[in-house]
Structure formats: structure tokens, C-alpha cells
Amino acid sequence: MKLVQPHSRYASLDMLLRDVRACRVCDAQLPAGARPVVRASREARLLIVGQAPGAKVHASGVPWNDASGKRLRGWLDMTEAEFYDVSRVAIIPMGFCYPGRGASGDNPPRPECAQLWLEQLLSHLPRIELTLLVGQYAQRHFLGARRKSSLTETVRAWAEYAPSYVPLPHPSPRNQLWLKRHPWFAEQVLPMLKQRIAALFGTSPR
């Protein structure tokens with residue numbers, strides 16, 4: 001069934017975010033119910049696109065408020081105050097609500113969020129200079145045919161997507177083995193990423 005957007009255009013981002021946060025399209029399919037978690041402002045210059053909120057984020061309503069978020073902030077060399085400054089950072093996952101648990105981790109993000117809301121949200125973010133694509137779902141959507149055959153190869157080819165995008169693995173503790181197997185990520189990608197973030201916000205790398 002093709003989804004129909006409730007409004008084709010919004011006069012303001014505030015109006016759009018109000019409707020996004022009130023969305024209950026998938027409520028019956030979500031084991032914990034719908035609770036869209038999205039943060040954005042027209043002033044934001046960094047966009048973080050992840051997979052979907054986990055159980056802890058669903059409970060708190062604060063994106064990346066978990067172990068994955070702590071590691072991500074370390075990758076970016078950002079404090080919590082900087083990371084959650086909505087005038088700097090927009091956080092829009094591919095799925096806005098917690099999708100529930102699957103056989104090996106959380107279920108994939110539901111597709112309705114991107115179909116209904118993603119392009120509308122992006123159209124209200126005119127100052128975004130850098131988009132971080134965290135995980136395969138974000139990379140598939142934004143990179144399309146430019147994406148490599150695996151997440152590892154996509155992340156390794158980060159320079160091909162510069163300066164607009166930086167593809168990243170998910171910072172989940174479950175990915176500790178991936179990080180150990182691919183030391184080039186910490187040696188090459190993270191220093192570049194920290195420099196990009198520092199240049200974007202006029203700060204000094206810590």
C-alpha cells in the first residue's frame with residue numbers, strides 16, 4: 001500500500017516536527033507503541049542519520065542516550081552539550097520509533113518513516129554541510145548505487161562520498177569485534193572525522 005503524506009508542504013519546520021512526533025501510522029506494528037524520536041532545527045549544520053531508536057532511547061525520548069551514543073560522541077570529539085545542541089546537530093534516524101527486538105538485535109527500521117517524512121524534513125534543513133550515515137540502512141538510502149558491496153567497504157571508501165557524507169559503522173558495543181578487525185577505522189577515519197567536526201563548528205580537536 002502506498003503511503004500518502006498527510007501534508008505535501010509545511011510552512012515551517014516546527015509545524016512539520018509537530019506532526020512527525022504525533023505520527024502513529026505504525027503504532028499497531030510496534031511492540032512498544034509509537035514514540036517518534038527526532039531532533040532538528042533550521043540552523044543545524046551537522047546531520048546524523050542512524051538506524052532507529054533502541055529500547056533505552058524509546059523510554060527516554062532522547063536520541064543516542066545509550067552506550068552507542070557515548071561512543072559516537074567520542075568518535076566526533078563532542079561533549080553532550082555540543083551533541084544535543086539542536087542549533088548545531090540534527091538527528092533524524094531512518095526509523096523514528098523503536099522497532100522491537102529481533103533474533104539478533106533490534107529489528108530493522110520500519111520504512112514508513114522515510115516514505116512519509118524524511119524528504120520533507122531534509123527540505124527544512126538548509127544549512128546542513130555534513131551528513132553522517134551511521135549503518136547500512138542510512139548508507140543504502142543516501143548513497144544508493146554508489147554504496148559498496150558491504151558496509152566495511154563503504155566505510156573504507158569514505159573519501160568517495162566527501163565532503164557531503166561520511167559513512168560510519170554503528171557505534172554499538174555489539175560492533176566491538178568489527179572495530180578490532182578493522183584498525184584502519186580508528187587510525188584513518190576517526191582523525192579525519194574529528195577534524196571535520198572541529199572545522200565545522202570552529203572548535204579545536206581535544
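The paragraphs below go through the sheet of this predicted model, then a helix that lies across it, and then the cavities.

The sheet is an open one built from four strands, which are arranged in the order β2-β1-β5-β6 with parallel pairing. Its edges are formed by β2, covering residues 89-91, and by β6, covering residues 165-168, and each of these strands pairs on one side only. From one strand to the next, the twist averages 20°. Within this sheet, strand β1, which comprises residues 46-49, runs parallel to β2 and is joined to β2 by three bridges. A useful place to look along this pair is I48, which stands opposite I91 in β2.

Helix α6, made up of residues 136-143, lies across three of the strands just described, namely β1, β5 (130-134) and β6, and runs at about 130° to β5.

Turning to empty space inside the model, rolling a probe the size of a water molecule over the atoms shows where such space is left. When the whole structure is searched, two cavities of 30 Å³ or more are found, and the largest cavity has a volume of about 140 Å³. Which residues lie nearest the centre of the largest cavity? They are C23, C26, F96, C97 and C113, which belong to a lining of 18 residues. Helix α5, spanning residues 112-123, contributes four residues to the lining of the largest cavity, and this is the most that is given to it. Sorted by class, the lining of the largest cavity consists of 14 nonpolar residues, three charged residues and one polar residue.

Note on methods. Residues are numbered from 1 along each chain as its sequence is written. This is a predicted model: local features need pLDDT of at least 70, side-chain atom pairs count only at pLDDT 80 or more; totals for chains, interfaces and linings use all residues. Side-chain values use heavy atoms; hydrogens and water are left out. On a 1 Å grid over the protein atoms alone, a cavity is a set of points where a 1.4 Å probe fits but cannot get out, and a pocket is an open set with protein on both sides within 12 Å along at least five of seven lines; lining residues have an atom within 4 Å of a point. Grid points are joined across faces, edges and corners, and a volume is the space filled by probe spheres set on the points. Helices (H or I, at least four residues) and strands (E, at least two) are DSSP runs, numbered from the N terminus. Ala, Val, Leu, Ile, Met, Phe, Trp, Tyr, Cys and Pro count as nonpolar, Asp, Glu, Lys and Arg as charged, and the others, Gly among them, as polar. Two strands pair if DSSP finds at least two bridges between them. Axes are lines fitted to C-alpha atoms, for helices over the stretch in contact, and angles run from 0 to 180 degrees between N-to-C directions. Contact means heavy atoms within 4.5 Å.
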